[in-house]
Amino acid sequence: AVVQRRVREHYYITNNLRTAMGGSEGGINLKYLSLVVLTFQNATLILSIRYTRTLPGEMYMATTAVVLAELGKMLACFAVIFKEKGSFSGLVEHVHYYTVIQWKDAVKISVPAILYVIQNNLQYVAISNLEAAVFQVTYQLKIMTTAIFSVFLLRK
């Protein structure tokens, strides 16, 4: 019964996401809005980090900034799950299921998550030592290298 409910929830969420990101119900505007917002966020994030890292005086610890950013994302995810489930107990049940019951998947996901945290810490080091434009160009190269590795290694 629990598995069937999870399958129905996954189907419901997938269909809602598909509709919101360009499906038949006019979600195409959300797709372009998301693109504009994420582009603006990415550009301003780099510039603001660069500005704060080059101010005179004592610098803040990059690890603290990374941890606080990740906590903010986690709270946002909890808010979305809470809205989807409709109750705090639904949120707790959802988190328990995907972290304790499905612990093998959580472990698999933790490897890229740890690498992501390391990457974000190194990003602060790079921003502190490079010009903003140079950093932005080299940072965007990760998209191209990901595409190249996807073609060669995954044959896609």
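Helices here are DSSP runs of H or I that span at least four residues, and they are numbered from the N terminus. With that convention in hand, the predicted model shown above can be read along its sequence as the pattern α-α-α-α-α-α. The chain has six helices and zero strands, and of its 156 residues, 15% count as buried.

A useful place to begin is with the charged contacts, of which the count comes to two salt bridges. One of them joins Glu 131 to Arg 50, with the closest N and O atoms 3.9 Å apart. This pair links distant parts of the chain, since Glu 131 sits in the loop between α5 and α6 while Arg 50 belongs to helix α2, 81 residues apart. The two partners also stand in unlike surroundings: Glu 131 has a relative accessible area of 53% and is therefore exposed, whereas Arg 50, at 16% relative accessibility, counts as buried because buried means under 20%.

The other salt bridge brings together the side chains of Lys 73 and Glu 70, at 3.1 Å from N to O. Here both residues lie in helix α3, three residues apart, which is about one turn of the helix. Lys 73 is partly exposed at 38% relative accessibility, and Glu 70 is likewise partly exposed, with a relative accessible area of 23%.

Helix α3 also leads to the open spaces of the model. Rolling a probe the size of a water molecule over the atoms shows where empty space is left. The largest pocket has a volume of about 400 Å³, and the residues that line this pocket number 13, with Cys 77, Phe 78, Ile 81, His 94 and Val 95 lying nearest its centre. Three helices, α3 (62-85), α4 (88-101) and α5 (103-129), each supply at least two residues of the lining of the largest pocket, and the largest share, six residues, comes from α3. Sorted by class, the lining of the largest pocket consists of 10 nonpolar, two polar and one charged residues.

The second largest pocket holds about 350 Å³ of space. Its lining is made up of 18 residues, and those nearest the centre of the second largest pocket are Leu 45, Tyr 116, Asn 120, Gln 123 and Tyr 139. Two or more lining residues come from each of α2 (28-53), α3, α5 and α6. By class, the lining of the second largest pocket divides into 10 nonpolar, five polar and three charged residues.

From the pockets the reader can turn to the outer surface, where a nonpolar patch of about 830 Å² is made by Leu 141, Met 144, Ile 148, Phe 149, Val 151, Phe 152, Leu 153 and Leu 154. Leu 141 lies in helix α6, which covers residues 132-154. With a relative accessible area of 40%, Leu 141 is partly exposed, and Leu 141 can therefore belong to the patch, because patches are made of residues with over 30% relative accessible area and no salt bridge.

Notes. Residues are numbered from 1 along each chain as its sequence is written. This is a predicted model: local features need pLDDT of at least 70, side-chain atom pairs count only at pLDDT 80 or more; totals for chains, interfaces and linings use all residues. Side-chain values use heavy atoms; hydrogens and water are left out. Patches are made of residues with over 30% relative accessible area and no salt bridge: like charges are joined within 9 Å, nonpolar side chains (Val, Leu, Ile, Met, Phe, Trp, Tyr) within 5 Å. Accessible areas come from the Shrake-Rupley method with a 1.4 Å probe; for residues, only the protein chains shown count as cover. A salt bridge is a side-chain nitrogen of Lys or Arg within 4 Å of a carboxyl oxygen of Asp or Glu. Buried means under 20% relative accessible area, exposed over 50%, partly exposed in between (1.4 Å probe, protein chains only). On a 1 Å grid over the protein atoms alone, a cavity is a set of points where a 1.4 Å probe fits but cannot get out, and a pocket is an open set with protein on both sides within 12 Å along at least five of seven lines; lining residues have an atom within 4 Å of a point. Grid points are joined across faces, edges and corners, and a volume is the space filled by probe spheres set on the points. Ala, Val, Leu, Ile, Met, Phe, Trp, Tyr, Cys and Pro count as nonpolar, Asp, Glu, Lys and Arg as charged, and the others, Gly among them, as polar.
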